[in-house]
Amino acid sequence: MNMTAGIQVAQLALKHRQNKNQQQRIIVFAGSPVKYDKKALEIIGKKLKKNSVALDIVDFGEEEDGKPEKLEALIAAANNNDSSHIVHIPPGSNALSDVLISTPIFTGDADGGSAFAASAATAAAGGMSGFEFGIDPNLDPELALALRISMEEERARQEAASKKASDDAAKQEKASSSQDAATSDAMVSSSDHAFDKGINL
């Protein structure tokens, strides 16, 4: 599970949110093993805390490679005044939304910061792969818009980089052609000079 990339995308979406008064919160559904070590996750957590981004983690599924301990370390680093939460869900037949309904991730804090968790849990349980970026714009239009803007910015950046690379290659090819032409002219001039000397002799 590429957790760091997912969190970075989420932070980018929050950065582009329209309502800057809303509390920033990321909810991670961790159902696969975590390949990063505790130190790397703690660095991410401290960055979230520095940027006032709350973090909620729903730990379910596989638990290999010390996954619960790693996630606990991430939450501990990100937590600020008990704004972040983690829930470990044991394997079972219950739906995630049924298990999470009474947890702090659903009930949230005084500001109702985790109100989005309900729709997120429903998305994780029911699957929304048919939507762009996996986000239903009807549930969270701001997140969908932020992801679309970020994708467009990245596409524009890649196109600009590609154009610059093409221009640089064209300039280099032109310079190389000019140098070859100059070298060829010099060789012709040298040959003509040698030929003239031969005639004079």
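The legends below go with a set of close-up views of a predicted model.

**View 1. The whole chain sets the scene for the close-ups.** The predicted protein holds seven helices and three strands. Read from the N terminus, its elements follow the order α-β-α-β-α-β-α-α-α-α. Of its 201 residues, 30% are buried. Take the contacts between residues at least 6 apart in sequence: 68% of them join residues at least 24 apart. The accessible surface amounts to about 12,500 Å², and carbon and sulfur atoms account for 53% of that.

**View 2. Strands β1 and β2 lie side by side.** Here you can follow β1 (residues 24-30) next to β2 (residues 53-59); the two run parallel and are joined by seven bridges. A handy landmark is Ile-26, which stands opposite Leu-55 in β2. Between these strands the chain passes through helix α2 (residues 38-50), making a β-α-β crossover that is right-handed. How many of the seven residues of β1 are buried? Six are, so the strand is mostly covered. As a reminder when you look along a strand, side chains in a regular strand alternate between the two faces of the sheet.

**View 3. Helix α2 has a buried side and an exposed face.** With 13 residues at 1.5 Å each, α2 should span 18 Å, and its end C-alpha atoms are indeed 18 Å apart. Its buried residues are Leu-41, Ile-44, Gly-45 and Leu-48. Why do these four belong on the same side of α2? Because the arc they cover around the axis is only 100 degrees. The general background is that an α-helix has 3.6 residues a turn, so residues three or four places apart point the same way. Turned away from that buried side is a face carrying the exposed residues Lys-39, Ile-43, Lys-46 and Lys-50. What do the buried residues of α2 pack against? Their partners are α1 (3-15), β1, β2 and α3 (67-78).

**View 4. Leu-14 links helix α1 to its surroundings.** Helix α1 also has 13 residues, and its end C-alpha atoms are 18 Å apart, in agreement with the 18 Å expected at 1.5 Å a residue. Met-3, Thr-4, Ile-7, Gln-11, Ala-13 and Leu-14 are buried in this helix. Zoom in on Leu-14: its relative accessible area is 14%, which falls under the 20% cut-off, so Leu-14 is buried. Leaving aside residues up to four places away in sequence, Leu-14 touches Gln-24, Arg-25, Ile-26 and Val-53. One of these, Gln-24, is 10 residues from Leu-14 in sequence, with 6.4 Å between their C-alpha atoms.

**View 5. Two loop residues have a positive phi.** Most residues other than glycine have a negative phi, which makes this pair worth a visit. Ser-52 sits in the loop between α2 and β2, just after α2, with a positive phi of about 60 degrees. Is Ser-52 buried or exposed? Its relative accessibility is 52%, so Ser-52 counts as exposed. Asp-82 is not a glycine either, yet its phi is positive, at about 60 degrees. You will find Asp-82 in the loop between α3 and β3 (85-88). Asp-82 has a relative accessible area of 54%; because the cut-off for exposed is over 50%, Asp-82 is exposed.

Note on methods:
Residues numbered from 1 in each chain as written. Predicted model: local features only at pLDDT ≥ 70, side-chain atom pairs only at ≥ 80, totals over all residues. Heavy atoms only, no water. Buried < 20%, exposed > 50% of the residue type's maximum accessible area, 1.4 Å probe, protein only. Pairing = 2+ DSSP bridges. Right-handed = clockwise from strand over helix to strand, strands pointing away. Expected span 1.5 Å × (residues − 1). Arc of directions from axis to C-beta. Contact = heavy atoms within 4.5 Å. Areas by Shrake-Rupley, 256 points an atom, 1.4 Å probe, with all protein chains shown as cover.
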